[in-house]
Amino acid sequence: MLDLEVVPERSLGNEQWEFALGMPLAQAISILQKHCRIIKNVQVLYSEQTPLSHDLILNLTQDGIKLLFGACNQRLKVIEVYDLSKVKLKYCGVHFNTQAIAPTIEQIDQSFGATHPGVYNAAEQLFHLNFRGLSFSFQLDSWNEAPKYEPNFAHGLASLQIPHGATVKRMYISAGNNLQDTKAPVMPLACFLGNVFAECVDVLRDGVGPLGLRLRLLTAGCGPGVMADAKVRAVERNIYFGDSCQDVLSALGSPHKVFYKSEDKMKIHSPSPHKQDLLFDSSTHLVKKFVLHTNFPGHYNFNIYHRCDFKIPLVIKKEGAAAQGEDCTLTTYSKWDQIQELLGQPMEKPVVLHRSSSANNTNPFGSTFCFGLQRMIFEVMQNNHIASVTLYGAPRPSSRARAEAIGH
């Protein structure tokens, strides 16, 4: 049984690890994978058809805990303990929920000290006691007893007229005072771990196609001194097609991780299928393409990459001699039918991409479809969302030279 410390408006964890509000989904999954012998039976819950309409949930069924992540930013926004009998909980080092200590309303008052009356929800038959960043729900016996639970705004929990020994049914940790409208806070400093994260990515382009990327990067720093990591800093960096490895390393720093592609089922469609499809050209070592991943659940590569919050500006030319262009923007959350309305139908049939494990040749999520438009390849999932966008550079001269020429 897990023994965890509750920190209102911040986290739930122990000395080895913690789930912190604002934490990226990938870091939470990394914790679960690292401690898989202790934390078992984890479910990933999401909406297959409308993944942006519902929270992404990691359900720790053995421990009675749910981690709710925002559908768009994929950062932790609510920690719910829905079965307190499966976990030990303490606050400021003192237990208020164990097998020997029941989380009664008297125990909650003793541990946290209620400063205002709670709220009774007749539809749920639950009584909610709210603190800043922390909420408890008590199960009520019957509808007939509801009137006695209405608070009369006297002093102390006695005014709530809750039956002696009533216990907590659920506990929530969130940011702010309103659980219903809560959002994931900014990523806490403890989650940076010396890494750099892309807050947003803007695609740079001219009238022909993409030129490169403008990245807004967040870092907490890792220099010497006590206050070195006490502030998040934002920087902007541009990288272009045709940049060298040295250019990219100078702009973005050293890579966090190296990934090896054991196989590539798209290489048969390449003019030189015997060559590996790399971000850097294998002969010139210059940037050849960018791949922007949306990290939607239900895709084969889910959780391999963080979600890229990108924007791709388009200039849609209208018909007619005096017609002007219309500015439009594609984002991580644009659907394929919306993109086709802007860019038109692809001239060629899509390439069917069926990823699978080399060990057992299985893929439970099915195939995706790849469409090429304006030097961009859109990988489309079966629910009409975009799994990834691959941007290709123009023939020489380099995109950096073209961008500088356009700038002047």
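Visitor: By class, what residues make up the lining of the largest cavity?

Guide: Four nonpolar, six polar and one charged. Keep in mind that this is a predicted model. The cavity itself has a volume of about 70 Å³.

Visitor: Which residues are they?

Guide: The lining consists of His293, Thr294, Asn295, Phe296, His299, Asn301, Phe302, Tyr305, Glu379, Ala387 and Ser388. Keep Glu379 in mind for later.

Visitor: How many cavities of 30 Å³ or more are there?

Guide: The count is three. A cavity is closed to the probe, whereas a pocket is an open set of points.

Visitor: Then take a pocket. How much space lies in the second largest pocket?

Guide: About 500 Å³. The pocket is lined by 25 residues, and the closest to its centre are Glu124, His128, Tyr172, Leu179 and Gln180.

Visitor: Which elements give two or more residues to that lining?

Guide: Five strands do: E7 (76–81), E10 (119–121), E11 (126–131), E12 (134–139) and E13 (168–174). The largest share, four residues, comes from E11.

Visitor: How many residues of each class are in the lining of the second largest pocket?

Guide: Eight are nonpolar, 12 are polar and five are charged.

Visitor: On to charges. How should I read a salt bridge?

Guide: Side chains of opposite charge can pair when their charged atoms come close. The cut-off here is 4 Å between a side-chain nitrogen of Lys or Arg and a carboxyl oxygen of Asp or Glu. A search of the whole structure finds seven salt bridges.

Visitor: Strands E7 and E13 came up at the pocket. Which salt bridge partner does arginine 170 have?

Guide: Glutamate 80. The closest N and O atoms of the two are 3.4 Å apart. Arginine 170 sits in strand E13 and glutamate 80 in strand E7, so the pair links distant parts of the chain, 90 residues apart.

Visitor: Are these two partners buried or exposed?

Guide: Arginine 170 counts as partly exposed, because its relative accessibility is 24%. Glutamate 80 has a relative accessible area of 10%, so it is buried. The cut-off for buried is under 20%.

Visitor: What is the distance in the salt bridge of glutamate 199 with arginine 216?

Guide: The closest N and O atoms are 2.4 Å apart. Here glutamate 199 belongs to strand E14 (residues 196–205) and arginine 216 to strand E15 (residues 210–219). The two residues are 17 apart along the chain. Glutamate 199 is partly exposed at 37% relative accessible area. Arginine 216 is partly exposed at 32%.

Visitor: You told me to remember Glu379. Which residue forms a salt bridge with glutamate 379?

Guide: Arginine 355, with the closest N and O atoms 2.5 Å apart. Arginine 355 lies in the loop between strand E20 (351–353) and strand E21 (368–373), and glutamate 379 lies in strand E22 (residues 376–380), so the pair ties together parts that are 24 residues apart in sequence. Arginine 355 is partly exposed at 23% relative accessibility. Glutamate 379 is buried, because its relative accessible area is 4%.

Visitor: Now the backbone. What sign does phi have in most residues?

Guide: Most residues other than glycine have a negative phi. Cysteine 92 has a positive phi of about 55 degrees. Its place is in the loop between strand E8 (87–91) and strand E9 (94–97). Cysteine 92 is exposed, since its relative accessible area is 59%. The cut-off for exposed is over 50%.

Visitor: And where does asparagine 303 lie?

Guide: In the loop between strand E17 (289–293) and strand E18 (310–317). Its phi is positive too, near 75 degrees.

Visitor: Next, the surface. Which residues form a nonpolar patch?

Guide: Val44, Tyr46 and Phe365. Together they have about 240 Å² of accessible area. Valine 44 is part of strand E4 (residues 42–45). At 40% relative accessibility, valine 44 counts as partly exposed.

Visitor: One last residue. Where is isoleucine 31?

Guide: In helix H1 (residues 25–34). Isoleucine 31 is buried, with a relative accessible area of 13%. Its C-alpha atom is 8.4 Å from that of phenylalanine 19, which is 12 residues away along the chain.

Note on methods. Residues are numbered from 1 along each chain as its sequence is written. This is a predicted model: local features need pLDDT of at least 70, side-chain atom pairs count only at pLDDT 80 or more; totals for chains, interfaces and linings use all residues. Side-chain values use heavy atoms; hydrogens and water are left out. Patches are made of residues with over 30% relative accessible area and no salt bridge: like charges are joined within 9 Å, nonpolar side chains (Val, Leu, Ile, Met, Phe, Trp, Tyr) within 5 Å. Accessible areas come from the Shrake-Rupley method with a 1.4 Å probe; for residues, only the protein chains shown count as cover. Buried means under 20% relative accessible area, exposed over 50%, partly exposed in between (1.4 Å probe, protein chains only). On a 1 Å grid over the protein atoms alone, a cavity is a set of points where a 1.4 Å probe fits but cannot get out, and a pocket is an open set with protein on both sides within 12 Å along at least five of seven lines; lining residues have an atom within 4 Å of a point. Grid points are joined across faces, edges and corners, and a volume is the space filled by probe spheres set on the points. Ala, Val, Leu, Ile, Met, Phe, Trp, Tyr, Cys and Pro count as nonpolar, Asp, Glu, Lys and Arg as charged, and the others, Gly among them, as polar.
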